[in-house]
Amino acid sequence: MKKTISFILNGESTEVEIEPHLTLLQLLRDKLELTGTKEGCGMGECGACTVLLDGKMVNSCIFPAMEVDGKNVITIEGLTDAQGNLHPIQKAFIEQGAVQCGFCTPGMVLAGKALLDENPKPTEEEIRHGIAGNLCRCTGYIQIVQAIKAASGQ
């Protein structure tokens, strides 16, 4: 039995009919074709599927899509402005070389954004704690931490 949900997705009102068992990740990737959000572990452990829900990080691979009804969702695609300009945290990731294979990058960028929205001048320890739910196999986290610090203006 399908249900229609309405929510704000990347600044745009969105209404979609979905099955009750759908995860937010499946909704984003399969129904709405927003493939920037990645599926890593499928169990909420790696952070590759991180999106922002009302400004807070959620693992979309285990989050029920029905629960976004009436809420605000931001994916990596939603960080650019109307002219296609990158968000400052995206620029910092590029400038600091915080991207290697890129698989974790959307989740890391959104984790960094959520952290900076809550704490505009975090310490290195606070940055490491803020991204702790996101795993990266390539960078060793040094460049990622540097990118978030750079985006904070420190």
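Mentor: Let us begin with a definition: a residue is called exposed when its relative accessible area is over 50%, buried when that value is under 20%, and partly exposed in between. Please keep in mind that the model we are reading is predicted.

Trainee: With that in mind, which residues are exposed on the other side of helix 2?

Mentor: Start from the buried residues of helix 2 (residues 88–95), which are I89, Q90, A92 and F93. Seen down the helix axis, these buried residues fall within an arc of 160 degrees, so they line one face of helix 2. On the other side of helix 2 the exposed residues are P88, I94 and E95.

Trainee: Which helices are included in what covers the buried residues of helix 2?

Mentor: The residues in need of a cover are I89, Q90, A92 and F93, since each of them is buried. Included in what covers them are helix 3 and helix 5 (142–151).

Trainee: Turning to the sheet, in what order do the five strands stand?

Mentor: The edges are a good place to begin, and they are strand 2 (12–18) and strand 4 (56–59), each of which pairs on one side only. Strand 1 (residues 3–9) is joined to strand 5 (residues 72–74) by two bridges, and these two strands run parallel. Strand 3, in turn, pairs with strand 5 in the antiparallel sense over two bridges, and four bridges join strand 3 to strand 4, again antiparallel. The pairing is therefore mixed by definition of these strand pairs, and the open sheet has the order 2-1-5-3-4.

Trainee: Which residue of strand 5 is the bridge partner of L53?

Mentor: Strand 5 has a bridge partner for strand 1 as well, where L9 stands opposite V73. For L53, the bridge partner in strand 5 is V73.

Trainee: Are the residues T50, V51, L52 and L53 of strand 3 buried or exposed?

Mentor: Consider the two faces of strand 3 in turn, with T50 and L52 on one side and V51 and L53 on the other. Helix 1 (residues 24–31) lies across strand 3 (50–53), among other strands, and helix 3 (residues 105–118) packs on the sheet, touching strand 3, strand 4 and strand 5. Both faces of strand 3 are covered, and its four residues named here are all buried.

Trainee: Which residue in the turn of the hairpin formed by strand 3 and strand 4 has a positive phi?

Mentor: Strand 3 and strand 4 are joined by bridges, and one bridge pair across them is V51 with V58 in strand 4. Two residues lie between the strands of this hairpin, and the one with a positive phi, of about 50 degrees, is D54.

Trainee: Is E33, another residue with a positive phi, buried or exposed?

Mentor: Most residues other than glycine have a negative phi. E33, found in the loop between helix 1 and strand 3, has a phi near 55 degrees although it is not a glycine. Its relative accessibility is 65%, and the cut-off for this class is over 50%, so E33 counts as exposed.

Trainee: Finally, what is the volume of the largest cavity?

Mentor: The structure holds one cavity of 30 Å³ or more. Among the residues that line the largest cavity are A98, V99, C101, C104, C136 and C138. The volume of the largest cavity is about 40 Å³.

How values were computed. Residues numbered from 1 in each chain as written. Predicted model: local features only at pLDDT ≥ 70, side-chain atom pairs only at ≥ 80, totals over all residues. Heavy atoms only, no water. Contact = heavy atoms within 4.5 Å. Axes fitted to C-alpha atoms, helices over the stretch in contact; angles between N-to-C directions. Buried < 20%, exposed > 50% of the residue type's maximum accessible area, 1.4 Å probe, protein only. Arc of directions from axis to C-beta. 1 Å grid on protein atoms, 1.4 Å probe; cavity = no way out; pocket = protein on both sides within 12 Å on 5 of 7 lines; lining within 4 Å. Points joined across faces, edges and corners; volume = space filled by probe spheres on them.
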